[in-house]
Structure formats: structure tokens, C-alpha cells
Amino acid sequence: MTSIPASAGRPVYLKLRDQIAAAILDGTFAEGAMLPSVRAYAAAEAANPLTVAKAYQQFQAEGLVLVQRGVGMFVAHGAAETLRAREREAFLAHEWPEIRARMRRLHLDPMRLLGEGEAV
């Protein structure tokens with residue numbers, strides 16, 4: 001039995017949203033920075049501009065980006081921490097239980113995976 005990637009079957013706009021969220025979390029799109037235009041991001045990702053616009057609208061609705069009419073969209077201050085808290089909660093609720101169960105089935109030692117207790 002093979003595992004299906006988490007992104008399988010997910011709508012493209014959610015995959016793009018995850019990519020943008022990751023870029024905010026890792027600082028590629030820093031707080032206060034302007035996001036690429038819908039057209040530019042769509043071209044870079046070979047996606048439909050309407051799909052990118054839908055992903056951007058979700059961030060706007062969540063208050064994670066701010067729109068300045070005629071200028072562009074900017075990452076809101078506090079967006080990274082808000083995203084980090086949401087991602088952490090989702091990971092612990094949905095992904096971690098599956099990972100933990102798989103580690104048990106495979107007899108994987110968490111300390112060995114973490115490099116014998118070295119800082120991660």
C-alpha cells in the first residue's frame with residue numbers, strides 16, 4: 001500500500017496558496033513586502049491568472065495581505081506568525097499523528113532521526 005502525497009487531488013489554487021504561505025514563512029515574501037502581481041506570479045508558476053487571483057483573495061480575506069489600489073498587494077505585519085501558528089496547529093492535528101504511527105510501524109527512533117538530540 002503506497003501513501004498518496006498530501007497535495008494529490010487538491011485544487012491548484014490551494015497548492016499555490018501553500019507555496020505563497022511557505023514563501024511568507026521562510027521570508028522570501030517578507031512582512032511589508034509587495035507580492036508579485038497576479039500576472040507575474042501566474043507566469044512564473046505556469047498557472048492561470050484567475051487561479052492565482054483566487055489564492056491571493058484567500059490571503060486577503062484572512063487579513064494576511066493588504067491591497068493598495070493601483071499599487072499592489074503587500075504582506076501584512078504579523079502574517080508570518082499567524083501562518084506559523086495555523087500551520088503548526090494543522091500539522092499537529094492532521095499530519096503528526098500519521099507520521100508518529102508510521103514511525104512506530106517502521107520502528108524508527110525519533111532521537112536518531114533528530115541527530116542524536118542535536119539542535120534542529
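## Notebook: around helix α3

**Entry 1, A46.** I started in the loop between α2 and α3, where A46 is found. A note to self before going on: this is a predicted model. I looked up the backbone angle of A46 and got a positive phi of about 55°, although A46 is not a glycine. That caught my eye because most residues other than glycine have a negative phi. Is A46 buried or exposed? With a relative accessible area of 74%, A46 is exposed, because the cut-off for that class is over 50%.

**Entry 2, H107.** I then turned to another positive phi in a residue other than glycine, and found H107 with a value near 55°. H107 sits in the loop between α4 and α5, the latter being residues 110–113. The relative accessible area of H107 is 72%, so I filed H107 as exposed too.

**Entry 3, the overall layout.** I stepped back to count elements: the protein has five helices and two strands. Going along the sequence, I read their order as α-α-α-β-β-α-α. Of the 120 residues in the protein, 22% are buried. I also checked how far apart in sequence the contacting residues are. Taking contacts between residues at least 6 apart, I find that 53% of them join residues at least 24 apart.

**Entry 4, the length of α3.** Which span should I expect for the 13 residues of α3, residues 49–61? At 1.5 Å a residue I expect 18 Å, and the end C-alpha atoms of α3 are 18 Å apart, so the two agree. For the buried residues of α3 I listed V52, A53, A55, Y56 and F59. They cover an arc of only 160° around the axis, which means that they are on the same side of α3. This fits what I know of helices: with 3.6 residues a turn, residues three or four places apart point the same way. On the face turned away from the buried side of α3, I noted the exposed residues L50 and A61.

**Entry 5, what α3 packs against.** I asked which elements the buried residues of α3 pack against. The list holds three helices, α1 (12–25), α2 (38–45) and α4 (79–105), and the strands β1 (65–68) and β2 (72–75).

**Entry 6, the two ends of α3.** At the N-terminal end I found a cap, N48, with a side-chain oxygen 2.7 Å from the backbone nitrogen of L50. After α3 comes G63, with a positive phi near 75°.

**Entry 7, α2 against α3.** I looked up the geometry of this pair: the helices pack at an angle of about 115°, and their axes are 8 Å apart. The crossing of α2 past α3 is right-handed. From α2 the contact uses V38, Y41 and A42, and from α3 it uses P49, V52, A53 and Y56.

**Entry 8, P49.** I zoomed in on P49, a residue of helix α3. P49 has a relative accessible area of 38%, so I call it partly exposed. Which residues does P49 touch once its neighbours within four places in sequence are left aside? They are V38 and A42. P49 and V38 lie eleven residues apart in sequence, and I get 5.9 Å between their C-alpha atoms.

**Entry 9, α1.** I repeated the length check on α1: its 14 residues should span 20 Å at 1.5 Å a residue, and its end C-alpha atoms are 20 Å apart, so this helix agrees as well. The buried residues of α1 are L14, L16, R17, I20, A21, A23 and I24. Their cover includes α2, α3, β2 and α4. Following α1 I found G27, whose phi is positive and near 90°.

**Entry 10, R17.** The arginine among the buried residues of α1 made me look again. R17 is found in helix α1. Its relative accessible area is 9%, and R17 counts as buried because the cut-off is under 20%. Which side chain does R17 meet in a polar contact of 3.0 Å? The partner is the side chain of E62. Setting aside neighbours within four places in sequence, I find R17 in contact with A55, Q58, F59, E62, L64, L83 and E87. Of these, A55 and F59 are already in my notes as buried residues of α3.

Methods. Residues numbered from 1 in each chain as written. Predicted model: local features only at pLDDT ≥ 70, side-chain atom pairs only at ≥ 80, totals over all residues. Heavy atoms only, no water. Expected span 1.5 Å × (residues − 1). Buried < 20%, exposed > 50% of the residue type's maximum accessible area, 1.4 Å probe, protein only. Arc of directions from axis to C-beta. Contact = heavy atoms within 4.5 Å. Polar contact = N/O pair within 3.5 Å; in protein donor to acceptor, adjacent residues only side chain to side chain. Axes fitted to C-alpha atoms, helices over the stretch in contact; angles between N-to-C directions. Left-handed = near helix turned anticlockwise from the far one by under 90°.
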